[in-house]
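Dear colleague,

I am handing over the structure we spoke about, and I would be glad if you could look through it alongside the notes below.

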Amino acid sequence: MAVKRTYEEINEKIRKGQAVVVTAEEVIGLVEEKGYTRAAQEIDVVTTGTFGPMCSSGVMINFGHSNPRIKMKRVWLNGVEAYGGLAAVDAYIGATQLPDNDPENKVYPGKFTYGGGHVIHDLVARKPLRLEAISYGTDCYPRKKLETVITLDDVNEAYLFNPRNAYQNYNCAVNLGDRTIYTYMGVLKPRMGNASYSTSGQLSPLLNDPYYRTTGIGTRIFLGGGVGYVAWYGTQHHPNVPRGENGVPLTGAGTLAVIGDLKQMSPEWLVGASFIGYGATLFVGIGVPIPILDEEMLRYTAVKDEEIFCPVVDYSEGYPYCKPNDLGSVNYRDLRSGRVNILGKEVPTTPMSSYPRARKIAQILKEWIQSGRFEITCPVQPLPSADADIVFRSIPERGVNDLNNRR
Amino acid sequence: MVKNRVVCYFSASQSEQPIIFRLARDYDLVINIIKADINPQKEGYLVVELSGDKQSYENGLNYLRDLGVRVEPLSQTVVWHEDVCIQCGACTSFCPTGALVITDRETMEVTFDNEKCIVCAMCLDCCPTRAVELHFEVA
Ligand code: SF4
Ligand code: SF4
């Protein structure tokens, strides 16, 4: 009989400590050994993981009030500005924000030694941070300047809220130009000297749930070493793209917006990073549990690296100037092997996302579920899937004079 | 031909002298300055790569020692901070000698073998967490 499970039945087993949980890597071997049907009968949950640079990340902080009170107009943490255009002592520090006096790319390629991602890393490591704020002063918030030292334990709330993480699939980046370039996909050597990629492939959350059947709004996840939730679909979520027969998108596709309490996260799973010539960012660890509701879900989670393809994109011209250029696609088994064949050339591969760390996340999440401390969640609302008609928009360039005249 | 990296520590009076110029002119050595640090009191050190034939190399070194410059061989100059490394693997496609390498493509774990490192510094900039650092250590 075909296996069917409800979220509640799985949670019942989790509470009793009887749930059978395996990682998205382990499930591959189990399916080879037992076949889909038997594996689906045995396995309750498959855990996934990814640990990669995710620029669209940041932390919302409420600092608490000073005496006299201040309505922070501009606010800095260790010299890196947080967005303060919210209520008096709320601010959002973004992962890619740089210190005001950063030399950036003035001396090319810039080093970007410290930025928002590093502030978040230091904050979650409970290091003391310099907090500065300025304001114009009001009757209710008279203070105009604040300079102090705080730690994560001093603030009221600090929650990680990342508008776009866990990209379902991503480009493989090459450089067809004749000089080295410095990108968010790392250093790319000229004339296709290397090919960089950033995903944990067969371990990656949305590659194991290609149609977002069990991953939706409200899904409880591993986030930055603590517990988080899927808050919404991520920015640039574009599920209606070409897909393979196994349902796996052949390009970017789905993304997640995630949220969680920073105070229970760890600096091991939120790591500040510097991309030479590009900027600062944050490595984020995410793990999503996938309940095996039926055999179809099991088939999705058994996806292998060789069955996941991504497009090869040129970052010298193609990406920056939006010039489509068909360089074919490659699969993740080849990318992981260290060499990949692109247009007949053997190219060494440069991984950007940490596979060993992704595996460890899937392992930790598995242990959490096995021990009964982490239950799975039925999404409150599904994410738009392959049948959506989302249009991937670009910024229209219009003359601004017309607008001025109309006003 | 010898090619060696050495650290030269010198005092104020020595730094007044045209040491590098003499090494090049009188001892026919090719000198590549890797790092120099001289404090306002004019004391400091130079990390240089010296190359030339064996005899001139010895003579050059003796010249430095006679001046009172302390010359020490340079060793173990790249330090890999395993606790900082996040095992992304980005450095491995830049390291020309396989000192930083992913040996097992199943686990994808990155290891560092100091013996193989030629201190080319290729890995320094491409590491997003700056887990590899150049250290000037003296044997
Ligand atoms: S300095 Fe050069 S040889 Fe040494 S680990 Fe780095 S890239 Fe490899
Ligand atoms: S690039 Fe840096 S963080 Fe990544 S594996 Fe190499 S040493 Fe580790």
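What follows is a description of the confidence values, the domains, the ligand surroundings and the interface.

Please keep in mind that this is a predicted model. For the complex the predictor gives an ipTM of 0.92 together with a pTM of 0.88, while chain B has a mean pLDDT of 86, with 96% of its residues at 70 or more. As a general caution, predicted coordinates should not be read in detail where pLDDT is low.

Chain B is split into domain 1, covering 2–73, and domain 2, covering 78–132, and the C-alpha centres of these two domains of chain B are 31 Å apart.

Turning to the ligands, there are 14 residues around ligand 1, and those that come nearest are C95(B), C117(B), C120(B), A121(B) and C123(B); by class, this shell around ligand 1 consists of 13 nonpolar residues and 1 polar residue, with no charged ones. Around ligand 2 there are 13 residues, of which C85(B), C88(B), G89(B), C91(B) and C127(B) come nearest, and the shell of ligand 2 comprises 10 nonpolar and 3 polar residues, again with no charged residue.

As for the interface, 20 residues of chain B are in contact with 28 residues of chain A, and the area buried between the two chains is about 1,900 Å², with carbon and sulfur atoms giving 56% of it. On the side of chain B, the residues that lose the most area to chain A are I86(B), P128(B) and R130(B), which together account for 29% of what that side buries.

Across the interface of chain B and chain A there are 13 residue pairs in polar contact, both residues being at pLDDT 80 or more, and 1 salt bridge is found there. K111(A) forms a salt bridge with D125(B), in which the closest N and O atoms are 3.1 Å apart. The side of chain B that touches chain A is made up of 10 nonpolar, 5 polar and 5 charged residues.

With best regards

Definitions and conventions:
Residues are numbered from 1 along each chain as its sequence is written. Chains are lettered from A and ligands numbered from 1 in the order in which they are written. This is a predicted model: local features need pLDDT of at least 70, side-chain atom pairs count only at pLDDT 80 or more; totals for chains, interfaces and linings use all residues. Side-chain values use heavy atoms; hydrogens and water are left out. A residue is near a molecule or strand if one of its heavy atoms lies within 4 Å of it. Ala, Val, Leu, Ile, Met, Phe, Trp, Tyr, Cys and Pro count as nonpolar, Asp, Glu, Lys and Arg as charged, and the others, Gly among them, as polar. Domain bounds come from an automatic or database domain assignment. Contact means heavy atoms within 4.5 Å. Buried area is the accessible area (1.4 Å probe) that two parts lose on being put together, summed over both. A salt bridge is a side-chain nitrogen of Lys or Arg within 4 Å of a carboxyl oxygen of Asp or Glu. A polar contact is a pair of N or O atoms within 3.5 Å; within protein, one must be able to donate a hydrogen and the other to accept it, and residues adjacent in sequence count only if both atoms are side-chain atoms. pLDDT is the predictor's confidence in each residue, from 0 to 100.
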